[in-house]
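Reader: Hi! I'd enjoy a close look at one part of this model, with the aromatic rings and what packs around them as the thread. Could you walk me through it?

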Amino acid sequence: MERQPAPAAWPLREQLLLAQIVHQDGHVPPNWASVSTHITSHPCVKETPRARSADTCERVWTALMQTHVPSDAVRTDRGAQLALAQRLYAARLEELVSDIAVEDKAFHELHEKIEGLRAGRYDDELQKHVQVKAPSEPAKTEAASTEPVVSDVAETEEEAPDDDDDLQVEQDLLGDTADPSRADMGKHAAPPPSTTTYSTRVRKRSRVVAASSSPASSPELPAHTPRSHRAEEDESVSDAERDKSRRRTTQLLLMLHNQVSNHTHANLFDQPIKEMDAPNYYTVIKQPMDLKLMKQRIKEGAITSSMDLRRAFSLMFANALMYNHPGTEVHRMANEMRVATDEILDEFDRTPLGS
């Protein structure tokens, strides 16, 4: 004969369910076959039907009477049935209050962490996790600095034109570091170019040095350039370089944003949350964030670095995890996308562009 589970193995909610079914069934003594049928088909019971057989139900109910109503343990009338149900109801209520207190404490701890994240109290700690030392470059020797300028000019002449800088940025971001296992998070990257540069200042400087050192081109240069004219040219070049650097940074951030937006669950965060879809959302969430708003802030210059972008994504996922309770489908999907986003940003921070 197969051994049946002990009464103590039944969770309190199922003990209460058994007592309620016995009382509601109304039979004296209880009809255990009917009780077994009702409790087995109840959605709160996840055990196999064999574990809730008529014999098991009778044995568990008798044990519960001896534990909670010892003075009337041998009675099976309606009064005894009601007394057991009431005692189990009170015990279940205390259990729920305790569970709510635990969840409430966890909620407030999470809320305090989110407020700390918004206030920047965890910036130093986050920086320690994401900061990766840039690869050290070999020191340049004097011998290297005395190489003929003609070779530098030849190399710079072979570099891609300025119009292709955006394509080079994309190739350097995705070419060497693209993860084949996350194909659904972005498009396949093109092979990295053989020569990479992110500033036209090097090319211009190389051409000027080469031209000034070439005997054939020396007569073409003016004998003297006024100081004010040179200062205006340097300032103009500096402004142009800063503007181009800002545009490239914006493009890098938008490319990271697009990678995250290609995630399977990204449709949850495409647009601002509507109150009709999520009641009291803006009562709980004081600083909303979504992918559309994030993209707008990147273009406006409010988000200017990968750290700013990481904070924005952290805020977006923290809002979703705080509003949606653990165990819900939205909570699970948001957490999966959060992990994938951290992987994308960590991978970018390991590249020279992110260091």
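Author: Happily; what follows starts at one aromatic pair, moves through the helices around it, and then turns to another part of the chain.

Please keep in mind that this is a predicted model. It holds five aromatic pairs. In one of them, the ring centres of Trp 32 and Trp 61 are 5.7 Å apart and the planes stand at 55 degrees; planes over 60 degrees apart would count as edge-to-face and those under 30 as stacked, so this pair is tilted. The two partners come from distant parts of the chain, 29 residues apart: Trp 32 belongs to helix H2 (residues 32–40) and Trp 61 to helix H3 (residues 54–68). Both Trp 32 and Trp 61 are buried.

Let's look at the helices that carry these rings. In H2, Trp 32 is joined by Ser 34, Val 35, Ser 36 and Ile 39 as buried residues. Helix H1 (12–25) and H3 are among the elements that cover them.

H3 also meets helix H4 (residues 78–119), with the two axes coming within 10 Å and crossing at roughly 75 degrees. An angle from 65 to 115 degrees counts as roughly perpendicular, and H3 and H4 therefore fall into that class. On the H3 side, the contact is made by Trp 61, Leu 64, Met 65 and His 68, while H4 brings Ala 80, Gln 81, Leu 84, Arg 87 and Leu 88. Sorted by class, this contact has six nonpolar, two polar and one charged residues.

Now for the other part of the chain. Phe 269 and Phe 317 form an edge-to-face pair, at 5.4 Å centre to centre with 85 degrees between the planes. This pair, too, links distant parts of the chain: Phe 269 sits in the loop between helix H10 (227–261) and helix H11 (281–284), and Phe 317, 48 residues apart from it, in helix H13 (residues 306–323). Both of these Phe residues are buried, and together with Phe 313 they form one aromatic cluster.

The largest nonpolar core has 24 residues, and Phe 269 and Phe 313 are among those that touch the most other members, as are Leu 291, Met 294, Ile 303, Leu 309 and Met 316. H10, helix H12 (291–300), H13 and helix H14 (329–349) each supply at least two residues of this core; H13 gives the most, with eight. Beyond its neighbours within four places in sequence, Ile 303 is in contact with Leu 253, Met 294, Arg 297, Ile 298, Asp 308, Leu 309 and Ala 312. A second, separate core of 23 residues includes Trp 10, Ile 39, Leu 64 and Met 65.

Terms used. Residues numbered from 1 in each chain as written. Predicted model: local features only at pLDDT ≥ 70, side-chain atom pairs only at ≥ 80, totals over all residues. Heavy atoms only, no water. Phe/Tyr/Trp six-rings, centres within 6.5 Å; stacked < 30°, edge-to-face > 60°. Helix = DSSP H or I, 4+ residues; strand = E, 2+ residues; numbered from the N terminus. Buried < 20%, exposed > 50% of the residue type's maximum accessible area, 1.4 Å probe, protein only. Core = buried A, V, L, I, M, F, W, Y, C linked by side-chain atoms within 4.5 Å. Contact = heavy atoms within 4.5 Å. Axes fitted to C-alpha atoms, helices over the stretch in contact; angles between N-to-C directions. Parallel < 35°, antiparallel > 145°, perpendicular 65-115°, else oblique. Nonpolar A, V, L, I, M, F, W, Y, C, P; charged D, E, K, R; others polar.
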